[in-house]
Amino acid sequence: MEQVRRVGAYGVVWDAGRERVLLVRSSAQADFPGVWSLPGGGVAHAEHPARAVVREVAEETGLTVDLTGLRAVVADVVPYPDQKVALHTDRVLFDLAPVGGALRAEPAGSTDLVRWLTPDEAAGLPLLPFTAEALGLPVVPLPAGTLRRREPFAGPDARRRQRFGAYGLVTDPADRVLLSLIAEGYPGAGRWHLPGGGTDHGEQPVTGLLRELIEESGQLGRVTDLIELDNLHNPAALGPEGYPLDWHGIRVVYRVTVDVPTEPKVTELAGGSTARAGWFSRSDLRELPLTEIAARLLVAAPG
């Protein structure tokens with residue numbers, strides 16, 4: 001099967017009494033007609049997921065919302081046998097608060113109904129699995145034949161790339177920080193970066209980060225917290241492809257502890273994006289050439 005990827009942004013919106021959550025029903029135009037989910041949808045190229053979720057909620061429900069937190073990041077794969085495609089979706093879930101607007105269904109869109117529902121009421125409806133998990137409800141398999149894809153998937157654009165990655169603010173018991181040096185030929189070459197990288201098709205973000213940590217440094221880590229969502233758009237990034245790409249990177253950052261640190265060693269295959277890795281004390285950081293995200297998380301707001 002062809003492997004296709006997308007990134008989506010979704011909102012968990014409770015009413016004023018935190019008794020009912022906002023859900024939308026997929027319309028006949030959607031892939032899962034009649035199935036309910038959190039409001040949200042695909043992140044456009046160069047769009048920040050935080051902006052995407054505000055836009056999508058307004059389109060699907062008529063409500064304006066404020067972001068109150070980053071809730072979770074999950075991934076799932078849905079096979080489309082008729083098109084011989086396996087669709088991997090990275091889903092960024094935000095906590096949102098309604099601040100205005102009037103509740104209404106989306107006009108002629110991918111959803112056709114919006115409701116405030118208690119968790120018990122939601123549990124009696126067909127729910128997309130990520131929505132059930134987000135609400136702490138049992139994941140019930142959808143009836144056979146629920147999936148009805150009508151449009152073919154768009155082919156890849158050789159000049160445009162959207163990439164989802166997971167990175168770590170990695171420390172050891174001595175409060176040293178682990179960093180990776182970006183290799184020549186990659187954007188940011190010669191700068192020290194947070195360990196991590198792009199996740200693989202079918203891979204959860206946390207799993208991808210821990211794999212990258214081993215490949216880039218040989219360290220076994222333990223993820224303790226989700227701390228950051230970062231968005232990077234470079235319309236003329238020059239990397240190993242050999243020609244400029246309109247590059248959109250969506251990066252989640254986790255706090256990671258390495259309980260038994262060892263001498264860092266790059267174990268990924270030759271030609272990877274990491275030249276070497278190292279442990280650094282906090283006082284060392286101001287003397288290092290750091291990437292923007294590493295500087296922001298480690299120097300501007302250390303700890």
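A polar contact here is a pair of N or O atoms within 3.5 Å, where one must be able to donate a hydrogen and the other to accept it; residues adjacent in sequence count only if both atoms are side-chain atoms. Keep that cut-off at hand for the first stop. The model is predicted.

**Stop 1: Glu-212 and its network**

Select Glu-212. This residue sits in helix α4. Its relative accessibility is 8%, so Glu-212 counts as buried. Now add Arg-211. The side chains of Glu-212 and Arg-211 are joined by a polar contact of 3.4 Å. Which residues touch Glu-212 once neighbours within four places in sequence are left aside? They are Gly-196, Gly-197 and Gly-198.

Stay on Arg-211 and bring up Asp-200. The two form a salt bridge, with the closest N and O atoms 3.6 Å apart. Arg-211 belongs to helix α4 (residues 205-217), while Asp-200 is in the loop between β11 (196-198) and α4, so this pair ties together parts that are eleven residues apart in sequence. Asp-200 is partly exposed, at 39% relative accessibility.

**Stop 2: a salt bridge within helix α5**

Move to helix α5 (residues 292-300) and show Arg-296 with Glu-292. Their salt bridge has its closest N and O atoms 2.9 Å apart. Both residues lie in α5, four residues apart, or about one turn of the helix. An α-helix has 3.6 residues a turn, so residues three or four places apart point the same way. Arg-296 is partly exposed, with a relative accessible area of 28%.

Before leaving the charged residues, select Asp-200, Glu-203, Arg-211, Glu-212 and Glu-215 together. Salt bridges that share partners join these five into one network.

Next, pick Leu-297, also placed in α5. At 13% relative accessibility, Leu-297 is buried. Draw a distance to Glu-228. The two residues are 69 apart along the chain, and their C-alpha atoms are separated by 9.1 Å.

**Stop 3: a salt bridge between strands**

How many salt bridges does a search of the whole structure find? The total is 21. Side chains of opposite charge can pair when their charged atoms come close.

Select Asp-95 and Arg-71 for another example. Their closest N and O atoms are 2.6 Å apart, in a salt bridge. Asp-95 is in strand β6 (residues 85-101) and Arg-71 in strand β5 (residues 63-80), so the pair ties together parts 24 residues apart in sequence. Are the two partners buried or exposed? Asp-95 is partly exposed, with a relative accessible area of 21%. Arg-71 is also partly exposed, at 34% relative accessibility.

**Stop 4: helix α1**

Select residues 49-61, which make up helix α1. The helix has 13 residues. From first C-alpha to last, α1 reaches 18 Å, close to the 18 Å expected at 1.5 Å a residue.

Colour the buried positions of α1: Pro-49, Ala-50, Ala-52, Val-53, Glu-56, Val-57, Glu-60 and Thr-61. Then look down the helix axis. The buried residues of α1 fall within an arc of 155°, so they line one face of the helix.

Step to Gly-62, just after α1. Gly-62 takes a positive phi of about 80°.

**Stop 5: strands β9 and β14**

Select residues 274-280 for strand β14. Five of its seven residues are buried, so β14 is largely enclosed by the rest of the structure. Now add strand β9, residues 177-182. Six bridges join β9 to β14, and the two run antiparallel. To check the register, show Leu-178, which stands opposite Trp-279 in β14.

**Stop 6: two positions in strand β13**

Finish on strand β13, residues 244-257. Select Asp-246, which has its place in this strand. Asp-246 is buried, with a relative accessible area of 17%. Its side chain makes a polar contact of 3.1 Å with the side chain of His-45. Beyond neighbours within four places in sequence, Asp-246 is in contact with His-45, Arg-159, Arg-160, Arg-161, His-233, Asn-234 and Pro-235.

Now go to Thr-257, also found in β13. Thr-257 counts as buried, at 18% relative accessibility. Leaving aside neighbours within four places in sequence, its contacts are Thr-171, Leu-220, Gly-221, Arg-222 and Thr-224. Draw one last distance, to Pro-173. Thr-257 and Pro-173 are 84 residues apart in sequence and 7.8 Å apart in space, C-alpha to C-alpha.

Definitions and conventions:
Residues numbered from 1 in each chain as written. Predicted model: local features only at pLDDT ≥ 70, side-chain atom pairs only at ≥ 80, totals over all residues. Heavy atoms only, no water. Expected span 1.5 Å × (residues − 1). Buried < 20%, exposed > 50% of the residue type's maximum accessible area, 1.4 Å probe, protein only. Arc of directions from axis to C-beta. Pairing = 2+ DSSP bridges. Salt bridge = Lys/Arg side-chain N within 4 Å of Asp/Glu carboxyl O. Contact = heavy atoms within 4.5 Å.
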